[in-house]
Amino acid sequence: MNKTIKIDGVDVPFEEGQTIMDAALAAAIYIPHLCHKPGLSPHGSCKLCTVDVNGRAVSACTMPACEDQEIENDTPALKEERRTITQMLFIEGNHLCPSCEKSGDCTLQAVAYHLDMLDGHFPQFYPRREVDASHPSLVIDRDRCIMCELCVRASREVDGKDVFAISGRGTDRHLIVNSPTGKLGDSDIEIDDLAAHVCPVGAILIRDQGYEVPIGRRTFDLHSVAETDLGEVKLSKVSRPDE
Amino acid sequence: MNKTHNSSEHLLHLLHAHQHQHHFISDDAISDIALQLNLPRAQVEAVTEFYSFFHRTPRGRYDILFSNCTSCGSLLLMRQLCEQLDVNPGETRIDRMISVDETSCIGMCDHGASALINGRPMTSMTSDRIKKIAKLIEAEDGIDTWPPEWFVIDDHLQRSDLLLSSSFKPGSALKVMEEEGCDASLEKIRFSELRGRGGAGFSTAQKWQFCREAEGDAHYVICNADEGEPGTFKDRVLLSSYADTVFEGMSICARIIGAKRGIVYLRGEYRYLLEQLESRLAKRREERLLGESILDVEGFDFDISIVVGAGAYICGEESALIESLEQKCGNPRIRPPFPVTSGYLGQPTVVNNVETLAAAAGVVIHDSHWFRGAGTWQSRGSKILSVSGDCARPGIYEYLFGITIRQVLDECGADDVQAVQVGGPAGRLIDPTHFDHQIAFEDIATGGSFMIYDQSHDLLKIILGFSRFFAHESCGFCTPCRVGTTLLKNTMEKICHGHGTAHDLDELRRVAALVGRRSHCGLGFTAPNPIIDGLKYFPELFEARLLNREVEPEFDLDASLEEARQLTNRDDAEAHL
């Protein structure tokens with residue numbers, strides 16, 4: 001009686017209401033993703049989880065699973081397209097891994113490794129983006145923001161606040177803070193909020209914790225993103241980011 | 001529960017009113033408006049920065065936006081005005097008197113070079129006129145005192161058929177529907193096989209049926225008058241001269257789906273129509289064709305309000321339009337769910353094109369073969385084309401579906417045609433070997449834009465213009481479209497400037513395919529079309545510009561030394577590579 005979808009030829013069970021991504025993760029099948037986090041409402045903006053369903057391109061994180069779906073996920077063609085999308089994310093911002101505190105813990109970097117990305121390929125956009133260091137224990141470095149809106153959703157849906165939003169259009173899109181001055185220091189974000197810890201890249205960083213875990217012993221130094229991003233992640237206010 | 005019901009308190013309207021008075025939206029204004037509407041401050045800030053017509057820095061008391069459309073734009077005239085007034089494009093003069101910039105097509109393509117002056121369309125501009133404008137501005141003469149003939153907008157109705165030739169008495173379609181019953185009217189529309197006129201061609205009866213059957217606290221009907229596709233101006237004419245037919249189409253839809261409220265989303269470029277549309281609505285209320293107990297039928301309550309956009313092509317996408325109505329940035333939603341089940345305020349909503357609603361009213365009035373008997377078997381009825389560009393008689397042409405490109409070209413007086421862009425930049429670039437194809441959903445589908453280019457044009461430049469358009473209008477929600485449209489634009493610029501290589505053509509193809517397939521919405525799906533068609537039908541134009549070598553560096557070392565040259569006050573040969 002189990003309903004199933006087929007991912008790369010494998011039958012994968014699903015329950016009514018699950019997306020393709022939900023069903024895949026529950027079956028320990030990794031579909032690359034950056035803007036998705038189980039427990040937060042799906043967004044479908046990074047497009048890394050793009051899959052072909054009966055020949056049609058869809059986002060796995062937003063498309064409801066339903067029977068008769070034959071899904072291509074882990075194919076050379078999709079890997080190339082996902083690599084190109086990842087390169088786009090790198091070159092539109094200012095991602096300098098060697099000097100970034102998040103290196104080794106950065107999901108963008110980990111996805112790039114997973115997809116065998118060796119360079120940015122496209123000419124850099126070199127945008128000018130503002131740093132917000134107004135908060136005593138957090139800092140926003142917009143150079144690294146990939147517009148995934150995980151912080152926007154975490155703040156709204158888990159923290160019960162509305163600290164972040166995305167403003168502007170096209171390549172002018174940027175992260176803004178919902179406070180009278182637009183500064184993070186004047187917002188009601190707290191260090192224990194999920195929004196302070198959910199950033200997959202080094203755009204929202206916790207201060208005074210730099211290099212506590214040395215390079216070489218960080219999450220993605222020890223594991224592939226295809227292992228770490230599978231399981232159900234508990235979403236709640238956290239006291240330590242690296243537990 | 002929400003204030004969006006009162007259109008004077010809509011966020012877009014408050015921002016417009018503020019800017020109209022103060023020439024920009026300050027930080028304090030954002031805070032005040034957020035407080036007034038009880039919205040998060042960040043939402044107001046984000047909306048202000050999303051729409052092109054709102055500005056965070058002061059604009060001039062005369063704010064002039066030249067269309068950059070190939071049919072109604074002239075950047076030559078823009079530069080002339082800038083020179084005469086000593087101001088740079090995109091900037092505000094130091095005395096805050098004048099600011100000049102470009103904007104996407106303003107829908108005046110049948111009127112030649114046009115611009116928005118403090119939001120008001122000025123048409124048929126010439127170099128001579130620019131000189132006069134410069135004088136009037138320096139003399140600080142109010143726009144109201146400028147010659148009124150500069151602001152004349154004609155319908156240019158060149159050819160009418162089914163829809164545009166029949167006279168329409170307000171209330172006539174509603175009366176027929178009340179006599180026949182809603183079900184009979186819906187059946188009539190089903191039998192007519194009317195399909196959406198925006199270009200996608202979804203069955204109108206089916207859309208209404210889905211919405212009617214969907215459960216919700218309220219149902220809504222929305223008229224998509226965000227006619228942003230460059231080269232399209234037929235909705236402008238429908239709203240100018242056939243507004244009652246459109247309103248009646250909305251009322252019929254409302255009665256069938258059970259909506260009490262309808263909204264016209266009017267593009268900001270057409271704000272000049274607002275007053276006359278409001279007065280038409282008021283007249284209809286007087287005549288009991290809107291409001292409570294329409295035609296004295298108890299329970300037939302329906303009213304229409306108008307929300308005016310603020311310069312965002314993406315809001316023509318129906319879910320982005322709904323987001324905009326909900327006072328948010330126009331980011332397209334995840335689909336499913338579709339608006340028919342979860343649209344405006346999460347309720348079942350029909351979004352129809354202006355022309356579709358007008359056609360629906362026509363179908364209800366006439367006998368069942370009036371519409372179905374015309375056109376082709378997959379494309380019934382007529383299509384209103386907005387014809388512009390290199391032809392003797394630009395304007396509105398209503399044809400039965402099945403007309404060939406060649407016939408249209410002949411009738412509007414176009415000679416020596418190099419190519420036609422049908423359906424705007426999001427449509428198809430048609431070369432002369434395809435001129436015998438038909439305008440029809442099953443052949444060349446179009447929302448109505450028909451732009452003609454004769455041999456005098458540099459087609460590559462036109463394609464570059466379209467790629468700039470999409471990079472400017474991409475909402476930026478998804479990665480492939482946000483970054484991809486800019487990459488396509490940059491590569492087109494490289495090729496047009498004579499720095500491209502064969503490798504760049506391969507890159508164009510690869511990125512175009514990715515953007516067209518992996519994007520979030522229709523804007524991304526169609527954004528690469530001009531490039532894909534150009535490479536397919538006019539490859540020699542691209543190849544003629546290429547450098548005869550494998551790779552050309554993206555990085556121009558000499559240009560990057562410019563800042564250093566300026567700092568050291570040098571421009572001699574030694575300072576160059």
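In this predicted model, V51(A) has V58(A) as its bridge partner in β4(A). That pair belongs to the junction between β3, residues 50-53 of chain A, and β4(A), where 4 bridges join two strands that run antiparallel. Both strands are part of an open sheet of 5 strands in chain A, ordered β2-β1-β5-β3-β4 and with mixed pairing. The edges of this sheet are β2 (10-14) and β4 (56-59) of chain A, each of which pairs on one side only. On average, and with direction ignored, neighbouring strands of the sheet are turned by 40° against each other.

The domain assignment splits chain A into domain 1, residues 3-74, and domain 2, residues 96-228. The C-alpha centres of these two domains of chain A are 25 Å apart. Their contact involves 11 residues of domain 1 of chain A and 16 residues of domain 2 of chain A. On the domain 1 side, the touching residues comprise 7 nonpolar, 3 polar and 1 charged.

Chain B is assigned four stretches: domain 1 (3-50), domain 2 (62-151), domain 3 (157-372) and domain 4 (460-543). Between the centres of domain 1 and domain 4 of chain B, taken over C-alpha atoms, the distance is 35 Å.

The two chains also meet each other. Chain A contributes 29 residues to the contact and chain B contributes 30 residues. On the side of chain A that touches chain B, the elements giving two or more residues are α2 (76-92), β8 (164-167) and β9 (174-177) of chain A. Of these, α2(A) gives the most, with 6 residues. The class make-up of this side of chain A is 13 nonpolar, 10 polar and 6 charged residues.

Next comes the interior. The largest nonpolar core holds 233 residues, and those with the most contacts inside it are I20(A) and A24(A) from chain A, together with I222(B), V246(B), C253(B), Y265(B) and A360(B) from chain B. V246(B) can serve as an example. Leaving aside residues up to four places away in sequence, V246(B) touches C223(B), L238(B), L239(B), V354(B), L357(B) and A358(B).

Some backbone details remain. Most residues other than glycine have a negative phi, and most peptide bonds are trans. Two consecutive bonds in chain B depart from the second pattern: R335(B) is joined to P336(B) by a cis peptide bond with omega of about 0°, and the bond from P336(B) to P337(B) is cis as well, with omega near 0°. P336(B) sits in the loop between α13 (318-325) and β9 (349-353) of chain B, and P337(B) is placed in the loop between α13 and β9 of chain B too.

Positive phi values occur at E149(A), near 65°, and at D296(B), near 60°; neither residue is a glycine. E149(A) lies in the loop between β7 (138-141) and α4 (150-158) of chain A, while D296(B) lies in the loop between α12 (274-286) and β8 (303-308) of chain B. Is each of these residues buried or exposed? E149(A) counts as buried because 21 other C-beta atoms lie within 10 Å, and the cut-off for that class is 20 or more. D296(B) has 8 C-beta neighbours inside 10 Å and therefore counts as exposed, a class that takes residues with 12 or fewer.

Terms used
Residues numbered from 1 in each chain as written. Chains lettered and ligands numbered in written order. Predicted model: local features only at pLDDT ≥ 70, side-chain atom pairs only at ≥ 80, totals over all residues. Core = buried A, V, L, I, M, F, W, Y, C linked by C-beta atoms within 7 Å. Contact = placed C-beta atoms within 7 Å. Pairing = 2+ DSSP bridges. Axes fitted to C-alpha atoms, helices over the stretch in contact; angles between N-to-C directions. Domains from an automatic or database assignment. Nonpolar A, V, L, I, M, F, W, Y, C, P; charged D, E, K, R; others polar.
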